[in-house]
Amino acid sequence: MASCKQGADTSMLRTHYSIEVSPKLNNKNVIVAGWIKEKRILGNLIFITLRDFKGVIQITAKKNTTEAELFKTLKEINKESVVSIEGK
């Protein structure tokens, strides 16, 4: 399950900073929060570069494996938006 929340206060909306996410967390639930630095839409794929206090991380959403409403939100969200993103 993946989700995305918008808002200004991300202090309680993360389990890890970007630099703490590593392959050892595969298949574990992770929540990262920060600002959208870049966004690329390539048809059925969306790539988001999320920056937080400690670094950057890339978020990937595939249309067929992401809930339709969430995929639409990620498509429409603006750069520099503050978000909290949950996924595996």
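## The β3–β4 hairpin

In this predicted model, β3 and β4 form a hairpin with four residues between them. The two strands run antiparallel and are joined by seven bridges; among the paired positions, Ile-48 has Ile-59 of β4 as its bridge partner, and Thr-49 is partnered in β4 by Gln-58.

The side chains of β4 alternate along the strand: Ile-57, Ile-59 and Ala-61 point to one face and are buried, whereas Val-56, Gln-58, Thr-60 and Lys-62 point to the other face and are not buried. The partner strand β3 is mostly covered, with five of its seven residues buried.

## The β2–β3 hairpin

On its other pairing, β3 is joined to β2 by seven bridges, and these two strands likewise run antiparallel. They form a hairpin with two residues between them, and in the turn Gly-43 has a positive phi of about 65 degrees. Leu-42 stands opposite Leu-45 of β3.

## The nonpolar core

Which residues have the most contacts inside the largest nonpolar core? They are Leu-50 and Ile-59, in a core of 16 residues. The elements that give two or more residues to this core are the strands β2 (30-42), β3 (45-51), β4 (56-62) and β5 (82-87), together with the helix α1 (68-76).

Ile-59, which lies on the buried face of β4, touches Val-32, Ile-46, Phe-47, Ile-48, Leu-50 and Ile-85, leaving aside residues up to four places away in sequence. Two of the names in that list recur elsewhere in this report: Ile-48 is the residue whose bridge partner in β4 is Ile-59, and Leu-50 is named with Ile-59 for having the most contacts inside the core.

## The two sides of helix α1

The buried residues of α1 are Leu-70, Phe-71 and Leu-74. Seen down the helix axis, these buried residues fall within an arc of 100 degrees, and they therefore line one face of α1. The general geometry of an α-helix is relevant here: with 3.6 residues a turn, residues three or four places apart point the same way. On the other side of α1, Ala-68, Glu-69, Lys-72 and Glu-76 are exposed.

## The protein as a whole

The protein has one helix and five strands, and read along the sequence these follow the pattern β-β-β-β-α-β. Of its 88 residues, 38% count as buried, and the protein exposes about 5900 Å², of which carbon and sulfur atoms supply 51%. Among contacts with a separation of 6 or more, 57% are accounted for by residues 24 or more positions apart.

## Confidence of the prediction

The mean pLDDT of the protein is 88, and 86% of its residues reach 70 or more. Among the elements, β3 has the highest mean pLDDT, at 97, whereas strand β1 (residues 3-6) has the lowest, at 56. Where pLDDT is low, the predicted coordinates should not be read in detail.

Definitions and conventions. Residues numbered from 1 in each chain as written. Predicted model: local features only at pLDDT ≥ 70, side-chain atom pairs only at ≥ 80, totals over all residues. Heavy atoms only, no water. Core = buried A, V, L, I, M, F, W, Y, C linked by side-chain atoms within 4.5 Å. Buried < 20%, exposed > 50% of the residue type's maximum accessible area, 1.4 Å probe, protein only. Contact = heavy atoms within 4.5 Å. Arc of directions from axis to C-beta. Pairing = 2+ DSSP bridges. Areas by Shrake-Rupley, 256 points an atom, 1.4 Å probe, with all protein chains shown as cover. pLDDT = per-residue confidence, 0-100.
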